[in-house]
Amino acid sequence: MELVLVFLCSLLAPMVLASAAEKEKEMDPFHYDYQTLRIGGLVFAVVLFSVGILLILTTEPQKAEN
């Protein structure tokens with residue numbers, strides 16, 4: 001399961017690095033790069049989703065006491 005998470009994150013890394021190179025070219029403080037913001041949000045969402053799924057799959061169900 002962790003291998004899948006690492007694979008998915010490694011696919012997103014080149015996009016983030018490419019957008020960081022473009023960001024250095026632009027020095028205008030009022031120019032917002034929505035593409036980078038979008039990619040960063042997607043990376044953040046994928047990480048949170050993956051952590052949630054891992055937490056659900058790794059916790060043991062509690063037994064009811066009668």
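These legends describe close-up views of a predicted model. Residues are numbered from 1 along each chain as its sequence is written, and side-chain values use heavy atoms, without hydrogens and water. Local features need pLDDT of at least 70 and side-chain atom pairs pLDDT 80 or more, whereas totals for chains, interfaces and linings use all residues.

**View A. Helix H2, residues 34-58.** The chain has two helices and zero strands, both being DSSP runs numbered from the N terminus (helices H or I, at least four residues; strands E, at least two). H2 has 25 residues and reaches 36 Å from first to last C-alpha, close to the expected 36 Å, that is, 1.5 Å times one less than its number of residues.

**View B. Buried and exposed residues of H2.** Ile-39, Ser-50 and Leu-54 are the buried residues of H2, where buried means under 20% relative accessible area, exposed over 50% and partly exposed in between (1.4 Å probe, protein chains only). Ile-56, also placed in H2, counts as exposed because its relative accessibility is 61%.
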